[in-house]
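I'm opening a fresh page for this one. The plan is to go through the ligand surroundings, then the domains, then the chain contact.

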Amino acid sequence: MGKIPKGSEKDHEGDEMCVSEKKEKQQDHSGVSRRKFLKAATLVGCTAVIANPSNASAYKEFEGWPDRYGMLTDFTLCVGCRSCEKACNEANGLPAPERSFDDGSVFNEMRRPTQDAYTVVNRYQDPNEPDKPVYRKIQCNHCNEPACASACPIHAYTKTKEGPVLYDPDLCFGCRYCMIACPFNVPAYDYDSALEPKIVKCVMCYDRIKEGGIPACADACPAGAVTFGKRDDLLKLAKKRIYQKPDRYIDHVYGEHEVGGTGWLYISGVPFEDLGFPKDLPNKPPIELTKGFLGAVPVVFTVWPALFGTIYAALKHRDELENNKTEHQVKEEGEK
Amino acid sequence: MSHNGTVARIDDFRSWFMDKLLMGMSWPEYMRKMLTPFNVLAAIILSVGIPVIGMRFIYGLSAVTHASHDYPWGLTLGWGLFGGVPLSATGFIMATAYYIFGFKGYKPLVRLGVLVGFMGYLFAVIYLLTDIGRPWRIYYPMLMGFGTASVLFLVAWHVATYLTVQFLEFSPAILEWLRSTRVRRWANMITIAMTIAGIILSTLHQSALGAMFLLAPGKLHPLWYSSYIPHFFLSSSVYAALAMVIIVSALVVRFMRKSTDTNFRDNLDRLTIGLGKGAFIGMFVYFALKLIGVAHDDHWGLLATPYGYWFALEMIGFVLLPSLVLVYGVKKESAGIVRMGAAYAVIGVLLNRINVSIIAFNWQMPDHLHHIIPPWQETAMVLAIVTIHILLFRWIVNRMPVVRKEPGYDEH
Ligand code: SF4
Ligand code: SF4
Ligand code: SF4
């Protein structure tokens, strides 16, 4: 029991640190010394925690790391060659596939990322021109505020400042709540392993981009359907393409706002629902939806003991009065 | 001399063993007593289920579950965690009624409630251990990494703490069984603190189990997804607990009569009716909250869809109807009808949890209803755990003073 309040305190400490760090980063260029600012931010943070336990407002101002990377997939350009699948498989040392990467029969079914494939390409029909196939590449969307990370009780996920959302198998105990929470059904689980099962998903080729390279799938795409770059630039590029060829695209950049924005953006010539994208996703990050609940926790911890303690004391007192006991007698009994 | 001492000690141990573990019988007698139809059925279930559980740990989850990336949770958690925890609110409800609100008449049922609650949580953890990928890391949320923004983090902490609290609450029964007096006094002293801790932890994690689904708005059907879902889960757990106490106490009297005392038996019908009254009031509150939920999101239109019919069936057939059975039973002062209503209400709560965690979850997936049928291995595994749960419960009730007073231990 004693540990719980500590846990929830830590909760807010953690949140606060997070935000302070982010703020610090934003302020770096304005000449405030790192250390000083960090110190101040932590202090302010702690005061804020005391003053405002739910501390929801601090989050909303944070719009994500400014210079983070993202990807843009243009479904009007994708030719369904699966070069990206092959490149991803090789770059990440994944097991060889059952059917080779130029076997077109895979398109007869709908696939999804699995423990052996970070990304898959599926074929859909263009509702306007039934003969024309449309291909959709699926992989982790590297959300701005990832639901998977909000779900994980052990903090096995990190949204890196470079953009990729990474998972640490050394922490995971395999509850699979992240899979439940991911709005795009991305994380796969290695159910076949008895001893070291883990979550598997696209890592946006983190190691490559840290060394200045570009993700293998973007590199391999012969049609230029997958573009790597700063998310802000990609958003501009996506909008420019739609603006320049309004007949070719529907007027929507998927991922600009969905679930608070995703790192991977998409433009398409057919409505996204027809490509199996989830519809009716809220524009706010999923974590906003649980904040109200988590904010009530400290209240319960402080109000309940007072409330039920009082009820207990009051009823006990009433009983004592009913039994016609005087204060004195009660006291005597207590001493016995 | 020392030889005699050893003999005496062996004799002591034998009589202790027979008294405490074999309920005063000798081995052959005890074994003969064990040969009942129920035990034979239990043995059959276990002989299938336990090897399957073994397979899960040797070959991995894919050997016993669907191992689906789209359906990470199946029957094991839908039944064991989401269904089991609300039915285990019995400890917190009975202790609160008795110790805090002073419903002294319910005393004969308090220990039973605490035991059902404690074992319910214990087994919820056991279901969890069979279902998570690396159960030996179960303590990681407490030690290795703090997912403080995660509702599951809260659930993990609270279930672990509450399990301890419930063990302490039940410990007087264990100590009486072992005929210890000293520690028992101490255990009695902390009862009020434990009860209040129980209220805090229970209200939070009962509602948190619902709040876990708040993260998945696109996946849970909008009729079940609601920003009120924590309130739904909490309020339904209250009446689920009352109904569970009604059912379990009836089963105990019916099948374990020897372990009950006259005080328990004589009061049971009256108490059952009292609990039934509490239960139907709780069900009306829950029903009203659910209606407010639909109205708040303005989802009336969805009621005229297949999932809408299913939702309406759950609400009318499994909340409203059982509550009316309870009302009728209370009015007629018939404990029998109240018991039927209680069983019906419990089925309704289970249905709701299965709906939220399995049937209405991923409802937009192609071929959804086909995917949610559990494989036989998972079913066998769950049945085996249920059986062990019942056997352990029976073992405890037959030995420890749960539904009877232990001679020599007075009121507290
Ligand atoms: S797409 Fe899913 S797995 Fe990827 S970052 Fe977003 S929530 Fe996490
Ligand atoms: S499965 Fe692992 S990574 Fe996913 S939520 Fe559970 S502990 Fe975290
Ligand atoms: S970004 Fe890297 S890991 Fe992700 S799909 Fe492309 S190649 Fe695979």
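**Ligand 3.** I started with the residues around ligand 3, keeping in mind that this is a predicted model. I listed A:Cys88, A:Asn92, A:Tyr118, A:Thr119, A:Lys137, A:Cys202, A:Val203, A:Met204, A:Cys205, A:Pro215, A:Ala216 and A:Cys217. Sorted by class, that shell comes to 9 nonpolar, 2 polar and 1 charged residues.

**Ligand 2.** Next I looked up the surroundings of ligand 2. I noted cysteines there, among them A:Cys152, A:Cys172, A:Cys175 and A:Cys178. A:Pro153, A:Ile154, A:Ala156, A:Tyr157, A:Tyr167, A:Phe173, A:Gly174 and A:Arg176 are also in the shell. I get 10 nonpolar, 1 polar and 1 charged for the class split. I flagged A:Arg176, as I wanted to check this residue again at the chain contact.

**Ligand 1.** Which residues come nearest to ligand 1? Out of 13 around this ligand, I wrote down A:Cys140, A:Asn141, A:Cys143, A:Cys148 and A:Cys182. The shell divides into 10 nonpolar, 2 polar and 1 charged. I then asked which domains of chain A contribute to the shell. Domain 1 (69–145 + 200–289) and domain 2 (147–199) each give at least three residues.

**Domains of chain A.** That sent me to the domain assignment, which splits chain A into domain 1 (69–145 + 200–289) and domain 2 (147–199). I have their C-alpha centres 20 Å apart. For the contact I count 27 residues on the domain 1 side and 21 residues on the domain 2 side. About 2000 Å² is buried between these two domains of chain A, with 64% of that from carbon and sulfur atoms. On the domain 1 side, the residues that lose the most area to domain 2 are A:Val200, A:Lys201 and A:Tyr206, and together they make up 29% of what that side buries.

How many salt bridges cross between the two domains of chain A? I found 0 salt bridges there, whereas 12 residue pairs are in polar contact. Helix H7 (residues 206–210) of chain A gives the largest share of the domain 1 side, 3 residues. By class, I sorted that side into 16 nonpolar, 7 polar and 4 charged residues.

**Domains of chain B.** Same lookup, other chain. Here I have domain 1 (1–35) and domain 2 (36–399). Their C-alpha centres are separated by 37 Å, and the contact takes 9 residues from domain 1 of chain B and 11 residues from domain 2 of chain B. I put the buried area between them at about 770 Å², with 50% from carbon and sulfur atoms.

The salt-bridge count between the two domains of chain B is 0, and I found 4 residue pairs in polar contact. Which helices supply the domain 1 side? Helix H1 (2–20) and helix H2 (27–34) of chain B each bring at least two residues. H2(B) has the largest share, 3 residues. My class tally for this side reads 7 nonpolar, no polar and 2 charged.

**Chain B against chain A.** Last, the contact between the chains. I count 65 residues from chain B and 62 residues from chain A. The two chains bury about 5600 Å² between them, 68% of it from carbon and sulfur atoms. On the chain B side I marked B:His69, B:Arg134 and B:Leu215, which supply 15% of the area that chain B buries against chain A, more than any other three residues.

I went back to A:Arg176 here. Its side chain meets that of B:Asp131 in a salt bridge, 2.8 Å from N to O. So far as the tally goes, I have 2 salt bridges across the interface of chain B and chain A, along with 24 residue pairs in polar contact.

Which elements of chain B give two or more residues to the side that touches chain A? I listed helix H3 (37–59), helix H5 (90–100), helix H7 (140–143), helix H8 (151–177) and helix H10 (191–211). H10(B) contributes the largest share, 11 residues. My last entry is the class split for that side of chain B, which has 43 nonpolar, 17 polar and 5 charged residues.

Notes. Residues are numbered from 1 along each chain as its sequence is written. Chains are lettered from A and ligands numbered from 1 in the order in which they are written. This is a predicted model: local features need pLDDT of at least 70, side-chain atom pairs count only at pLDDT 80 or more; totals for chains, interfaces and linings use all residues. Side-chain values use heavy atoms; hydrogens and water are left out. A residue is near a molecule or strand if one of its heavy atoms lies within 4 Å of it. Ala, Val, Leu, Ile, Met, Phe, Trp, Tyr, Cys and Pro count as nonpolar, Asp, Glu, Lys and Arg as charged, and the others, Gly among them, as polar. Contact means heavy atoms within 4.5 Å. Buried area is the accessible area (1.4 Å probe) that two parts lose on being put together, summed over both. A salt bridge is a side-chain nitrogen of Lys or Arg within 4 Å of a carboxyl oxygen of Asp or Glu. A polar contact is a pair of N or O atoms within 3.5 Å; within protein, one must be able to donate a hydrogen and the other to accept it, and residues adjacent in sequence count only if both atoms are side-chain atoms. Helices (H or I, at least four residues) and strands (E, at least two) are DSSP runs, numbered from the N terminus. Domain bounds come from an automatic or database domain assignment.
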